[in-house]
Each structure stands twice: as C-alpha cells, then as structure tokens.
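Q: Could you take me through this model, from the overall build down to a few single residues? I'd like to look at the internal spaces too.

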Amino acid sequence: MLSRIALLAALVATAAGADSPNILWISSEDNGPHLGVYGDAYADTPNLDALGAKGMIYRRAWSTAPVCAPARTTIISGMYPPSTGAQHMRSLTRLPSSMRMFPQYLRDAGYYVSNNAKEDYNLEKPGQVWDESSRQAHWRKRALGQPFFAVFNFTVTHESQIRRRPHTPVHDSAKVRVPAYHPDTEESRTDWAQYHDKISEMDAMAGKVLAELREDGLEEDTIVFYWADHGPGMPRGKRWTYNSGLHVPLILHIPEKFEHLRPAEYAVGGESERLVGFVDFAPTVLSLAGVEPPDHFQGYAFAGEFEAAPQPYIYGFRGRMDERYDMVRSVTDGRFIYIRNFMPHRIYGQYIQYMFQTPTTAVWHRLYHAGKLQRPRTHFWETKPAEELYDLERDPDETQNLAASPEHRMNLERLRAARREWSLSIRDLGFLPESAIHSRAGDDAPHSMGANPMRFPLGRIMRMAELASSMEAGAEADLRQGLDDSDSAVRYWAALGALMRGRDGVRALAGPLATALDDADPAVRIAAGEALGRYGSDAEARRALEVLVQHADTRDDGLFVAMAALNALDYMDERASPALERILAVPQEDPRYDRRFRAYLPNLVGKIRADAE
C-alpha cells in the first residue's frame with residue numbers, strides 16, 4: 001500500500017498533467033560560446049555539438065552579469081539585480097514578501113524541482129525553493145509520473161580550474177587564438193589552451209547527463225537547455241561588461257512532442273538571432289511549463305505558451321567585484337555594444353586578489369608596467385572613458401572605441417538612451433552606495449524602497465551621476481550645488497565628480513569637500529575623504545585620512561562602509577602611510593556578515609600592507 005506521502009506525491013504528479021514537459025538545465029561556469037557547434041574549430045565538444053544539431057543555438061545570448069552570483073541571482077529571481085539591490089558580488093538582500101523565486105512557481109504547478117548543486121544567490125531564499133538542492137539531487141528522486149525541472153551545474157570550467165597546475169595539456173597552445181586585448185605570451189596561450197581542455201571535460205559531463213536521460217526513456221519528454229553562466233574566466237572576460245564577458249552559449253532542444261511550445265524561429269539544427277538575456281530564463285521556463293509568468297518578472301519568455309515578442313536590446317551590469325567597487329552598465333542591439341562607465345577614474349584592471357592568481361593577469365600587469373605593450377593591450381591597466389561603443393561585427397574583440405566617431409553618433413545616442421530608459425524602468429539601485437541600499441531600505445526589501453520616488457529619487461540622483469562621470473569640463477558649479485543637495489546620494493556623486501576630475505577638480509571644490517567630511521552619510525564622507533586625501537593640501541589630506549581610518553573599522557558603520565574606506569585608503573598610496581599601523585590593525589573579520597564576505601577585508605588590508613613593504 002502506498003504511504004500517505006507517496007500517495008500525495010502521486011496525486012500532485014497527476015494534477016500536473018501527463019502532457020507537461022520535463023525541463024532539464026545543464027549549465028557550466030566561466031565559459032563563452034567556445035564550442036564546435038558555434039563554429040570554434042579549436043574546440044572539442046561532441047556532446048554539446050550533437051545537442052545543438054538536434055536543437056537550436058542562440059547567437060545573441062547574454063548572461064546579464066559577467067560574474068556568477070549576480071548572474072545566478074538574475075536567473076533565480078527573474079529580475080535584474082540592480083532593481084533588488086543584489087547587484088554586488090556576494091551581497092545579500094531580500095525580495096518583497098509578495099515575490100518568490102521561479103522554481104517555487106513550478107513546485108506549485110506540480111513539478112519536482114532539483115538543483116545539483118550550486119546556488120550562490122545574492123538574495124535570501126523566500127522559503128523552500130527546491131525539493132532538493134545538493135550534489136545528490138536528481139530527477140530520479142521524483143514521484144512516479146511527476147514532471148521535473150532539474151539543474152546540473154558543472155564547475156570544471158571555472159576560473160580556478162583554468163589556472164590549476166600541474167595540468168596535462170590536450171589542446172596545442174601554439175594553435176590557440178589569443179584575443180587582441182591580451183598579450184601573446186606563453187602564459188596567456190597556456191591559460192587559453194587549458195580553458196579549452198576544461199570545456200572538453202565539461203562536455204563529457206554534459207554527455208553523461210544526456211545519456212542518463214536516454215537510459216530513463218525520457219529524451220522525447222524533456223526540453224533541454226545548455227548555457228554557461230558568463231564569459232571566460234580570463235581577465236577582461238569574467239567581471240567585465242563587454243561582449244567578451246557577457247556573451248554565453250545557449251542551446252535549446254524542444255522535442256517534436258512539444259513542437260507547439262517552440263518559438264516561431266525554431267529549426268532543428270538552426271540558429272536564432274533573437275536577443276536573449278538571463279532575465280528571460282525564468283519566464284521562459286514557466287511559459288514552457290504552462291505557467292503564466294508573474295507580473296513582477298522583468299524578462300520576456302522566448303518560448304512556450306506565453307512567448308513574448310523579441311526585444312530590441314539586452315542589458316548588462318557590473319557592481320562591486322569581490323573587494324573592489326565599480327559601476328558599469330551596458331546594452332547591445334546585437335551589432336553594437338554601448339558601455340557606460342560611472343566610475344571612469346578606476347582602471348579596468350583594479351587589483352582583485354582572486355583575479356591576480358591567473359598567470360595571464362600577472363604577466364599582463366608586469367609587461368604593462370615594464371612599458372612593453374602597445375595599444376590596445378595597454379587599455380586594461382588604464383582609466384576608462386565615460387562611454388564606449390563597439391561594432392561587434394567588424395571588431396569582435398572590442399578594441400576600437402567608436403564613442404567619439406561622428407559616423408556612429410546616431411548609434412551612440414540610440415543606445416545611450418536605451419540604457420538610461422532601462423535604468424529608470426527597473427529603478428536601478430546601483431546609483432546608491434552599497435551601504436545606502438541597506439540603510440535606506442531599513443526593514444523593507446530594497447526593491448520596495450527603490451520603487452518609492454520619495455525614498456529614492458532616481459532621476460535626480462542619476463542626472464548627477466551622469467554629470468559627475470561624464471568628465472566634462474566646466475561642471476564645477478553643478479557639482480558644488482550637488483554637494484549641498486538634500487539627498488545623500490546626490491551629494492555622494494557630486495563628491496565623486498570632484499574626485500574623478502583629479503587635482504584641479506578637487507582644488508576647485510576644496511571648501512565643499514571639506515564640509516562633506518562631516519556629512520551625515522558615511523559614503524559621502526568617504527568619497528570626499530578620498531578626493532581630499534589624494535589631491536588636497538597636506539592639511540586637508542591629514543584630516544581626510546582620519547575620517548577614512550575611522551570608517552575602515554566595521555564596528556562603526558558596518559562592512560560596506562569599511563570596504564569603501566579601505567579602497568579609498570589604498571588609492572591614497574603614500575599619503576596614507578602615517579596611519580599604516582592603524583590601518584593594518586582594523587578588524588578583518590565580522591561575524592555579523594555572510595561568510596562569503598570573509599576574504600574581502602583581508603584582501604584589502606593585505607594589498608595595503610604589500611604596497612607599503
């Protein structure tokens with residue numbers, strides 16, 4: 001006799017309907033579309049090539065974020081992380097109580113949902129999301145006849161694996177293609193070749209899962225996705241909102257049994273030029289399962305019963321990466337990519353301890369500082385322009401910035417406007433300092449706070465951020481006015497605007513910046529402190545140093561303030577040396593915060609210590 005639990009599971013499975021498709025996701029980490037089915041002759045990926053031959057590949061798929069946790073947060077929530085305050089690497093915010101993660105809607109529809117095994121979300125889980133999420137999770141644990149949504153994630157292609165030594169090479173490094181932005185060295189060739197070796201290993205793992213599907217007689221009852229979570233784990237791939245960091249493979253196989261769920265352009269062995277982003281995955285899976293996507297989802301289903309019309313643009317974003325702050329937004333129409341740098345005073349290749357473990361990063365950095373590189377290989381170690389525009393058809397490595405080209409003015413303005421409209425539509429919380437996302441939200445979810453124009457006057461804040469980061473001359477009067485604004489985020493961007501303009505900008509606004517050292521908001525104090533600490537008079541720098549050292553202690557204003565302060569102190573270089581012993585003595589652990597943050601403070605303090613030695 002069936003147990004009561006088994007009987008209930010069987011009833012749920014029956015309610016889901018015999019015609020409900022199973023859905024299988026196979027995902028990998030840190031790899032672009034370097035597969036044979038995408039035309040890469042150097043690749044050795046027979047299993048995924050075969051999947052593509054009986055399914056369809058997407059040529060224009062973007063991960064939305066060029067690093068794992070924000071990318072996966074986009075997928076699981078069906079929302080852009082800048083709208084939920086979850087855009088920073090390994091941050092942790094929460095959704096409003098009315099919203100859930102997409103597998104929960106599948107569970108309500110009778111699906112068995114399993115995840116093997118990575119989560120790594122920047123959002124708290126709102127209750128039970130998975131029936132099982134572990135290294136043992138499998139569709140085989142579902143009730144008899146119950147439809148499933150199963151995820152298998154492979155980490156063998158991760159950044160950490162392409163630099164792991166010793167390694168027995170398979171691909172010939174002499175034949176690898178080195179992109180135009182990387183130095184053509186033994187180290188970079190070895191890393192790129194090992195990257196392809198790892199993709200081949202991942203392909204074999206994917207083949208094993210697909211074989212299990214066939215063994216279980218489920219191949220014709222199961223829709224299969226294969227995707228990677230962002231671009232290659234090489235410098236200027238992972239972490240950067242270029243096409244090189246956001247472009248991912250996406251293969252979709254919908255069996256003939258479910259041809260009514262196929263998008264109009266679906267063709268066996270075909271290709272789709274439809275623009276698809278990770279924010280579209282959740283509504284698409286629900287649509288394939290016959291579940292109408294909830295209104296708060298920000299993406300568009302590209303298949304299934306609730307398929308939406310193709311969209312003209314897809315978007316990308318970057319916030320804090322590990323211990324380093326930056327803010328970048330990007331948009332593409334498939335041909336051109338526009339990038340807006342809101343912190344152009346930071347070089348592309350800010351020192352991130354984890355990234356510098358890759359041999360390519362280290363040799364690239366060394367060659368640049370030895371003066372042995374020519375453009376475009378020098379760009380990574382220099383400050384950024386406010387705007388970038390690339391023609392992906394003519395310049396796939398994105399090395400020729402067309403933002404100042406009169407010939408491309410219309411494309412620049414069109415994509416610039418699309419980026420601005422997108423930020424306004426999602427209520428982009430990236431325009432707040434990370435500490436302010438939490439302080440303004442208080443007991444509310446950041447998304448709820450961000451939706452309230454009284455609490456988050458985005459238009460006014462964004463205008464100051466755009467002005468500050470434009471690097472336009474003659475902005476001092478507007479920046480001075482911004483430093484006196486009633487909203488702390490406007491004051492923050494005004495202080496950054498002075499910092500971005502270097503010595504001349506800071507000296508022109510020295511008085512208001514000195515006043516800002518006593519601002520009510522610590523983020524404003526830190527921005528003003530870095531400006532005066534780097535470019536002010538000796539007396540101003542000494543006062544700024546005291547403010548920054550005080551905020552480097554998490555016990556005063558918390559982790560996010562401390563990280564911002566330590567970043568500022570690092571950029572002060574020798575002007576921070578009078579306080580070196582105090583900086584090195586700040587607490588580097590804080591048990592109040594998620595353990596995923598544990599390396600960030602030691603990394604920053606360690607960098608300051610190393611530079612002083």
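**Overall build**

A: Of the 613 residues of the protein, 63% count as buried, and since this is a predicted model, everything that follows describes a prediction.

Q: How many helices and strands does the protein have?

A: There are 24 helices and 12 strands in the protein.

Q: And what about the radius of gyration against a compact globule?

A: The protein has a radius of gyration of 25 Å, which agrees with the value near 25 Å that a compact globule of 613 residues would have. Taken along the principal axes, the C-alpha atoms fill a box of roughly 80 × 55 × 50 Å.

Q: What share of contacts join residues at least 24 apart?

A: Counting contacts between residues at least 6 apart in sequence, 72% join residues at least 24 apart.

Q: OK, internal spaces. How many cavities of 30 Å³ or more turn up in the whole structure?

A: A search of the whole structure gives five cavities of 30 Å³ or more, and the largest cavity has a volume of about 370 Å³.

Q: Which residues lie nearest the centre of that largest cavity?

A: Its lining is made of 30 residues, and those nearest the centre are Tyr 325, Met 343, Pro 433, Tyr 492 and Ala 564. By class, the lining of the largest cavity comprises 16 nonpolar, eight polar and six charged residues.

Q: Which helices supply at least two residues each of that lining?

A: At least two lining residues of the largest cavity come from each of α12 (434–441), α16 (488–500), α19 (522–535) and α22 (559–572), and the largest share, six residues, is that of α22.

Q: Let's stay with α12 for a moment. How many of its residues are buried?

A: Six of the eight residues of α12 are buried, so α12 is largely enclosed by the rest of the structure. The buried ones are Glu 434, Ser 435, Ala 436, Ile 437, Arg 440 and Ala 441.

Q: What do those buried residues pack against?

A: The buried residues of α12 pack against α13 (446–450), α14 (458–470), α16, α19 and α22. Of these helices, α16, α19 and α22 each also supply at least two residues to the lining of the largest cavity, as does α12.

Q: And what follows α12?

A: Gly 442 follows α12, and the phi of Gly 442 is positive, near 60°.

Q: Back to the cavities: how much space is in the second largest one?

A: The second largest cavity holds about 100 Å³ of space. It is lined by 13 residues, of which Trp 25, Arg 72, Ile 75, Tyr 121 and Trp 130 are the closest to its centre.

Q: Which helix gives the largest share of that lining?

A: The largest share of the lining of the second largest cavity, three residues, comes from α3; α3 (68–77) and α5 (102–108) each supply at least two residues. By class, the lining of this second largest cavity has nine nonpolar, one polar and three charged residues.

Q: Now pockets. How much space lies in the largest pocket?

A: The largest pocket contains about 790 Å³ of space. Its lining has 26 residues, and the closest to the centre of the pocket are Pro 33, His 34, Asn 243, His 247 and Pro 396. Two or more lining residues of the largest pocket are given by each of β2 (56–62), α7 (186–215) and α8 (243–246), while by class the lining has 10 nonpolar, seven polar and nine charged residues.

Q: Switching to single residues: where is Pro 235, and is it buried or exposed?

A: Pro 235 is in the loop between β6 (222–228) and α8, and Pro 235 is buried, with a relative accessible area of 2%.

Q: What does Pro 235 touch, beyond residues up to four places away in sequence?

A: Pro 235 touches Tyr 181, His 182, Trp 240, Thr 358, Thr 360, Thr 361, Trp 364 and Phe 380. Pro 235 also lies 11 Å from Asp 30 in space, C-alpha to C-alpha, although the two are 205 residues apart in sequence.

Q: Last one: where does Ser 134 sit, and what does its side chain join?

A: Ser 134 is in the loop between β4 (132–133) and β5 (148–154), and a polar contact of 2.7 Å joins its side chain to that of Glu 132. With a relative accessible area of 17%, Ser 134 counts as buried, because the cut-off for buried is under 20%. Leaving aside neighbours within four places in sequence, Ser 134 is in contact with Asn 115, Asn 116 and Ala 117.

Methods. Residues are numbered from 1 along each chain as its sequence is written. This is a predicted model: local features need pLDDT of at least 70, side-chain atom pairs count only at pLDDT 80 or more; totals for chains, interfaces and linings use all residues. Side-chain values use heavy atoms; hydrogens and water are left out. Helices (H or I, at least four residues) and strands (E, at least two) are DSSP runs, numbered from the N terminus. Buried means under 20% relative accessible area, exposed over 50%, partly exposed in between (1.4 Å probe, protein chains only). A polar contact is a pair of N or O atoms within 3.5 Å; within protein, one must be able to donate a hydrogen and the other to accept it, and residues adjacent in sequence count only if both atoms are side-chain atoms. Contact means heavy atoms within 4.5 Å. On a 1 Å grid over the protein atoms alone, a cavity is a set of points where a 1.4 Å probe fits but cannot get out, and a pocket is an open set with protein on both sides within 12 Å along at least five of seven lines; lining residues have an atom within 4 Å of a point. Grid points are joined across faces, edges and corners, and a volume is the space filled by probe spheres set on the points. Ala, Val, Leu, Ile, Met, Phe, Trp, Tyr, Cys and Pro count as nonpolar, Asp, Glu, Lys and Arg as charged, and the others, Gly among them, as polar. The radius of gyration is taken over C-alpha atoms; the globule rule is 2.2 Å times the number of residues to the power 0.38.
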